[in-house]
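Morning, everyone. I have one structure to walk through today. Please look at the screen.

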Amino acid sequence: LLIDPRAIAGWSAAGFHDHLRIALAVIELLGAALFAFESSVVAGFLLLLASFIAAAAIHLHHGDKPWWLAVYATAAILLLHFTRRACRQDMK
C-alpha cells in the first residue's frame, strides 16, 4: 500500500484519498511489528485484525471476494492461540 505503484493507482482510481491508504498501511505495519513480540502479541493481533476487516470491507464494497484476508485472519488467530498457550506452559 505504501510503495506499490499498482496499489497506489488502484486506490486513486477507486476514489480513495492517500491518507486512508497510508493509515491502513501504518496500522498493518504496526500490528505486524507488535505481533512479533510475546509481550505485545495481543495488541498486534487486534491491529492486524482491524486492518484485515477494513481491507475486507473495502474489497467487498468494490465487488471483490477477499478470501485471502480470511486466511490471514485465521492464521493470526492460530498464532495468537499457540503463543498464549506456550506462555502459559512456560509459567508452570
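Let's start with a charged pair. Asp-4 forms a salt bridge with Arg-6, and their closest N and O atoms sit 3.8 Å apart. Keep in mind that this is a predicted model. General point here: side chains of opposite charge can pair when their charged atoms come close.

How covered are the two partners? Asp-4 has a relative accessible area of 29%, so it counts as partly exposed. Arg-6 is at 70%, so it is exposed.

How many salt bridges does the count come to? Two. The other pair is Arg-21 with Asp-18. Here the closest N and O atoms are 3.4 Å apart. Both residues lie in helix α2. They are three residues apart, about one turn of the helix.

Now, is Arg-21 buried or exposed? Its relative accessible area is 6%. The cut-off for buried is under 20%, so Arg-21 is buried. Its partner Asp-18 comes out at 40% relative accessibility, so Asp-18 is partly exposed.

Stay with Arg-21 a moment. What else does its side chain reach? It reaches the backbone oxygen of Leu-1, at 2.4 Å. Setting aside neighbours within four places in sequence, Arg-21 is in contact with Leu-1, Leu-2, Ile-8 and Trp-11. So that is a charged residue in helix α2, and it counts as buried at 6%.

Next, the nonpolar core. The largest one has 14 residues. Which have the most contacts inside it? Leu-24, Phe-35, Phe-45, Phe-52, Leu-69 and Leu-80. Three helices each supply at least two residues of this core: α2, spanning 18-35, α3, spanning 41-61, and α4, spanning 67-91. Which helix gives the largest share? That is α3, with seven residues.

Take Leu-24 from that list. Leave out its neighbours within four places in sequence. Leu-24 then contacts Leu-1, Trp-11, Ser-51, Ala-54, Ala-55 and Ile-58. You will recognise Leu-1 and Trp-11: both are also among the contacts of Arg-21.

From the core to the surface. There is a nonpolar patch out there, made of Leu-2, Ile-3, Ile-22, Val-26 and Leu-29. Together they have about 490 Å² of accessible area. Pick one of them, Leu-29. Leu-29 sits in helix α2. At 53% relative accessibility it counts as exposed, because the cut-off for exposed is over 50%.

Now the connection from α2 to α3. Ser-40 is in the loop between those two helices. Is Ser-40 buried or exposed? With a relative accessible area of 15%, Ser-40 is buried. Its side chain has a polar atom 2.7 Å from the backbone oxygen of Leu-34. Not counting residues up to four places away in sequence, Ser-40 touches Leu-34 and Phe-35. Phe-35 should sound familiar: Phe-35 is one of the core residues with the most contacts.

One last distance. Ala-32 is in helix α2. Its relative accessible area is 39%, so Ala-32 is partly exposed. How far is Ala-32 from Ala-43? In sequence, eleven residues. In space, 9.8 Å, C-alpha to C-alpha.

To recap. We have two salt bridges. Arg-21, in one of them, is buried. The largest nonpolar core has 14 residues, with seven from α3. And Ser-40, in the loop between α2 and α3, has its side chain 2.7 Å from the backbone oxygen of Leu-34. That's my tour. Questions welcome.

Conventions: Residues are numbered from 1 along each chain as its sequence is written. This is a predicted model: local features need pLDDT of at least 70, side-chain atom pairs count only at pLDDT 80 or more; totals for chains, interfaces and linings use all residues. Side-chain values use heavy atoms; hydrogens and water are left out. A nonpolar core is a set of buried Ala, Val, Leu, Ile, Met, Phe, Trp, Tyr and Cys residues joined through side-chain atoms within 4.5 Å. Buried means under 20% relative accessible area, exposed over 50%, partly exposed in between (1.4 Å probe, protein chains only). Helices (H or I, at least four residues) and strands (E, at least two) are DSSP runs, numbered from the N terminus. Contact means heavy atoms within 4.5 Å. A polar contact is a pair of N or O atoms within 3.5 Å; within protein, one must be able to donate a hydrogen and the other to accept it, and residues adjacent in sequence count only if both atoms are side-chain atoms. Patches are made of residues with over 30% relative accessible area and no salt bridge: like charges are joined within 9 Å, nonpolar side chains (Val, Leu, Ile, Met, Phe, Trp, Tyr) within 5 Å. Accessible areas come from the Shrake-Rupley method with a 1.4 Å probe; for residues, only the protein chains shown count as cover. A salt bridge is a side-chain nitrogen of Lys or Arg within 4 Å of a carboxyl oxygen of Asp or Glu.
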